[in-house]
Amino acid sequence: MHSLTTGHPTPAGSTLPGLVGNTPVLHVSQPFAPADGGFWAKLEGFNPGGIKDRPGLHMVERARSRGELQPGGQIIESTSGTLGLGLALAGMVYGHPVTLVTDPGLEPSMNRLLVAYGANVDMVPEPHPTGGWQQARLDRVADLLAGHPGAWCPDQYSNPDNVSAYTPLALELASQLGHIDVLVCSVGTGGHSAGIYRVLRQLYPEMRLVGVDTIGSTIFGQPARPRLMRGLGSSIYPRNVAYESFSEVHWVAPGESVWGCRQLAASHYATGGWSVGSVALVAGWLARTLPRDTRIVAIFPDGPQRYLETIYDDEYCAEHGLLGQSPASEPEVVGRPDEKEVTRWTRCTTVTDPVSLLAETVGVEGGLR
């Protein structure tokens with residue numbers, strides 16, 4: 001590539017898309033695991049906006065190549081924040097106005113940052129009666145799309161391009177670590193867990209996938225409840241979640257995630273948000289309980305910057321009862337995802353698609369009539 005103004009070669013990575021990817025890995029041990037053990041963390045916070053810069057760019061590029069998104073067409077999507085950064089980047093790269101539908105749970109600093117990056121932030125005023133803030137955002141997206149002919153929605157929850165966007169990340173991990181036994185991922189839309197696992201499983205057929213969710217999330221069959229943590233969890237059933245790929249799932253409570261985030265900051269400098277603290281807690285437990293030579297990789301989706309007013313703010317944490325909550329040394333265990341409502345770190349090795357279970361239940365009830 002050459003500069004249009006000077007004719008000199010342009011350094012690799014000097015374009016905006018070139019800033020995304022090739023993120024480092026860090027070995028994490030104490031206090032999560034013994035000094036001679038631990039796990040590897042993929043630090044996606046080194047991307048300009050975090051892990052979702054990858055699908056933001058990829059979904060827009062693919063939609064443009066198929067003609068679904070015309071030059072200059074508007075992008076409209078629901079986001080709890082991180083994908084919003086990725087779409088703002090994609091809008092800047094490809095020349096599209098971006099409207100992001102979010103809710104009052106979005107941190108004020110993130111709101112200001114999205115606006116600074118040129119996005120229009122549309123805030124829904126109240127949650128949906130059953131689907132919560134997430135469904136309210138999706139309903140608003142539908143209204144906006146109806147009023148803006150030619151606009152395009154990435155539909156991150158069901159778009160297969162959200163999954164394929166993570167192929168480069170998987171290949172980076174294979175190059176950096178050489179072998180992987182266990183992959184630990186937070187689950188929100190289901191994109192990065194499905195996309196990374198799909199590639200790495202071809203290289204390491206025996207590799208296991210461990211999912212990390214938040215309490216109050218419906219993704220793996222728990223009842224929907226108001227959720228403090230953003231970036232993982234859902235009050236709907238995203239179709240990108242590869243249920244058949246998970247060997248187990250863990251639910252983590254907000255106070256436990258705060259502990260994980262702050263311990264990472266104090267011991268390893270590299271830390272992040274709710275997903276990072278939750279994933280570190282689970283990956284550390286796996287490192288303590290599995291054979292010492294097991295190579296465990298955890299995906300850290302972002303850095304700490306957007307959480308300075310929440311996770312890293314003592315006043316906020318005290319107000320929400322999140323301080324001093326050292327997690328148990330091991331998770332509670334349930335045999336089925338719907339066995340009971342979980343309120344603290346809990347593990348389940350039976351993973352099923354709640355939508356399939358619901359369909360089976362309806363079918364059985366229909367047959368009994």
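**A guide to the predicted model**

R112 has a relative accessibility of 54% and is therefore classed as exposed. The model in which this residue is seen is a predicted one, and R112 offers a convenient point of entry to it. The partner of R112 is E309, with which it forms a salt bridge whose closest N and O atoms are 3.7 Å apart. R112 belongs to helix α3 (residues 108-116), while E309 sits in the loop between β9 (296-300) and α10 (314-319), so this pair ties together parts that are 197 residues apart in sequence. E309 has a relative accessible area of 31%, and it is therefore partly exposed. Elsewhere, K42, E44, R54 and E172 are joined into one network by salt bridges that share partners.

Before going further, the reader may wish to know how confident the prediction is. The pLDDT of the protein chain averages 92, and 93% of the residues score at least 70. Residues 1-6 call for caution: pLDDT stays under 50 over this stretch. For these residues the model has nine contacts beyond four places in sequence.

The salt bridges deserve a fuller account. Side chains of opposite charge can pair when their charged atoms come close. How many salt bridges does a search of the whole structure find? The search gives 20. Among them are two that involve R66: one with E68, at 2.9 Å between the closest N and O atoms, and one with D161, at 2.7 Å from N to O. The pairing with D161 links two helices, since R66 lies in helix α1 (residues 53-66) and D161 in helix α5 (residues 160-164); the pair thus ties together parts that are 95 residues apart in sequence. Are these residues buried or exposed, or do they fall in between? R66 is partly exposed, its relative accessible area being 40%. E68 is likewise partly exposed, at 42% relative accessibility. D161, by contrast, has a relative accessible area of 9%, and because buried means under 20%, D161 is buried.

The discussion now turns to the strands. Strands of a sheet pair through backbone hydrogen bonds, either parallel or antiparallel. In this model, an open sheet of three strands follows the order β3-β4-β5, and its pairing is parallel. At its edges stand β3 (75-78) and β5 (120-123), each of which pairs on one side only. From one strand to the next, the twist averages 20 degrees. The parallel pairing of β3 with strand β4 (residues 98-102) extends over four bridges. Within that pairing, S78 has V101 of β4 as its bridge partner. Helix α4 (residues 132-147) packs on this sheet and touches β3, β4 and β5. The direction of helix α4 makes about 165 degrees with that of β3.

Another strand to follow is β9, which borders the loop that holds E309. Two of its pairings can be described. Strand β2 (residues 39-43) runs parallel to β9 and is joined to it by four bridges, with A41 standing opposite A298. Strand β6 (residues 182-186) also pairs with β9 in the parallel sense, over three bridges, and here V182 stands opposite I296. Which residues of β9 are buried on each of its faces? On one side they are I296, A298 and F300, and on the other V297 and I299, so that both faces are covered. In terms of the whole strand, five of its five residues are buried.

A last question concerns the cysteines C261 and C317. Why do these two residues form no disulfide? The sulfur of C261 is 9.2 Å from the closest cysteine sulfur, that of C317, which is too far for a bond. A disulfide requires sulfur atoms within 2.5 Å. C317 accordingly takes part in no disulfide. For the structure as a whole, the count under this rule comes to zero disulfides. Both cysteines are covered: C261 is buried, with a relative accessible area of 0%, and C317 is buried, with a relative accessible area of 0% as well.

Technical notes. Residues numbered from 1 in each chain as written. Predicted model: local features only at pLDDT ≥ 70, side-chain atom pairs only at ≥ 80, totals over all residues. Heavy atoms only, no water. Buried < 20%, exposed > 50% of the residue type's maximum accessible area, 1.4 Å probe, protein only. Pairing = 2+ DSSP bridges. Axes fitted to C-alpha atoms, helices over the stretch in contact; angles between N-to-C directions. Contact = heavy atoms within 4.5 Å. Salt bridge = Lys/Arg side-chain N within 4 Å of Asp/Glu carboxyl O. pLDDT = per-residue confidence, 0-100.
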